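User: I'm new to this structure and would like to learn how to read it. Could you walk me through it, feature by feature?

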Amino acid sequence: MTDPNLAIRRADAADAEAIAALFTDEGYPAGTSDIVERLDRFASPHSQVLVAEHDGAILGFIAIHALPRFEHDDRIVRILALVVDPGARERGVGGALMAEAERIGTELGAAFIEVTAGHHRADAYRLYESSGYDGSVAAYLRKRL
């Protein structure tokens, strides 16, 4: 069960240092100025970064983007990043962030929400499956530009 004192809110520049530390610890090195620039790029109804905060401490964040679909008049929400502080895992923080992303997706008229999980992140994969995400539909190809 999620702590009732856990607040999910939009990230702002004051959160950049904490987000950079979480992201770097997860294996994606980023400085505070990098995160400030990314937060600027994600400052729209369709691209958002949310943080989970408890007693003034940032415990995790999620970055989402709602893509319009060409073949239908709706959107697909894509979770681009989800990181929870290792000391706060198994406490509902990731689930709370995902639930807020899903709520935003519903509000934006999205038909689906999707996330990519690396095979080396078994704990993340379990979180996604336990939240109702279907791993059998993953099928995309990638080319480096």
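Analyst: Here is a short tour of the sheet, the hairpins, a pocket, the salt bridges and some backbone angles. Keep in mind that this is a predicted model.

User: Let's begin with the sheet. In what order do the strands form it?

Analyst: To read a sheet, list the strands by who sits beside whom. Here 5 strands form an open sheet with mixed pairing, in the order β1-β2-β3-β4-β5. The edge places belong to β1 (7-10) and β5 (110-115); each has a single partner strand, so one side of each is left without a neighbour in the sheet. Ignoring direction, neighbouring strands are turned by 25 degrees against each other on average.

User: How many bridges link β1 to β2, and which residue stands opposite R10?

Analyst: Follow the bridges across the pair. β1 and β2 (residues 47-54) run antiparallel to each other and are paired over 4 bridges. Across from R10 you'll find L50 in β2.

User: And what happens as we go on to β3 and β4?

Analyst: The pairing of β2 and β3 is antiparallel over 8 bridges, and V51 faces F61 of β3 there. Next, β3 and β4 are antiparallel over 9 bridges, with I64 having I79 in β4 as its bridge partner.

User: How many residues sit between the strands in each hairpin?

Analyst: For a hairpin, look at what links one strand to the next. The hairpin of β2 and β3 has 2 residues between its strands, while the one made by β3 and β4 has 6.

User: Which strands does α3 lie across?

Analyst: For a helix on a sheet, check what lies under it and at what angle. α3 lies across β1, β2, β3 (57-68), β4 (75-84) and β5, and runs at about 30 degrees to β3.

User: Now pockets. What is the volume of the second largest pocket, and which element gives the most to its lining?

Analyst: The general idea first: rolling a probe the size of a water molecule over the atoms shows where empty space is left. In this model, the second largest pocket has a volume of about 190 Å³. Its lining includes I19, F23, I35, F42, V49, F61 and L80. At least two lining residues come from each of α1 (16-25), α2 (32-41), β3 and β4. The top contributor is α2, with 4 residues. F61, which we met opposite V51, is one of the residues lining this pocket.

User: How many salt bridges are there in the whole structure?

Analyst: For each one, ask which side chains meet, how far apart their N and O atoms are, and how open the residues are to the outside. A search of the whole structure gives 8 salt bridges. Take R9 and D15: their closest N and O atoms are 2.8 Å apart.

User: Are R9 and D15 buried or exposed?

Analyst: Use the cut-offs: buried is under 20% relative accessible area, exposed is over 50%, and partly exposed is in between. R9 has 24%, so R9 is partly exposed, whereas D15 has 5% and is therefore buried.

User: What about the salt bridge of D74 and R69?

Analyst: Those side chains meet at 2.7 Å, N to O. D74 has a relative accessible area of 18%, so D74 is buried; R69, at 17%, is buried too.

User: Where do E107 and R103 lie?

Analyst: Both are in helix α3 (residues 93-107), 4 residues apart, which is about one turn of the helix. Their salt bridge has an N to O distance of 2.9 Å. E107 is exposed at 59%, and R103 is partly exposed at 41%. Salt bridges can also share partners: R9, D15 and E53 are joined into one network that way.

User: Last topic: what should I look for in phi?

Analyst: Most residues other than glycine have a negative phi. That makes a positive value worth a look. D55 is not a glycine, yet has a positive phi of about 50 degrees. D55 is in the loop between β2 and β3 and is exposed, at 69% relative accessibility. E90 also has a positive phi, near 70 degrees. Look for E90 in the loop between β4 and α3, where E90 is exposed at 79%.

Methods: Residues are numbered from 1 along each chain as its sequence is written. This is a predicted model: local features need pLDDT of at least 70, side-chain atom pairs count only at pLDDT 80 or more; totals for chains, interfaces and linings use all residues. Side-chain values use heavy atoms; hydrogens and water are left out. A salt bridge is a side-chain nitrogen of Lys or Arg within 4 Å of a carboxyl oxygen of Asp or Glu. Buried means under 20% relative accessible area, exposed over 50%, partly exposed in between (1.4 Å probe, protein chains only). Two strands pair if DSSP finds at least two bridges between them. Axes are lines fitted to C-alpha atoms, for helices over the stretch in contact, and angles run from 0 to 180 degrees between N-to-C directions. Contact means heavy atoms within 4.5 Å. On a 1 Å grid over the protein atoms alone, a cavity is a set of points where a 1.4 Å probe fits but cannot get out, and a pocket is an open set with protein on both sides within 12 Å along at least five of seven lines; lining residues have an atom within 4 Å of a point. Grid points are joined across faces, edges and corners, and a volume is the space filled by probe spheres set on the points.
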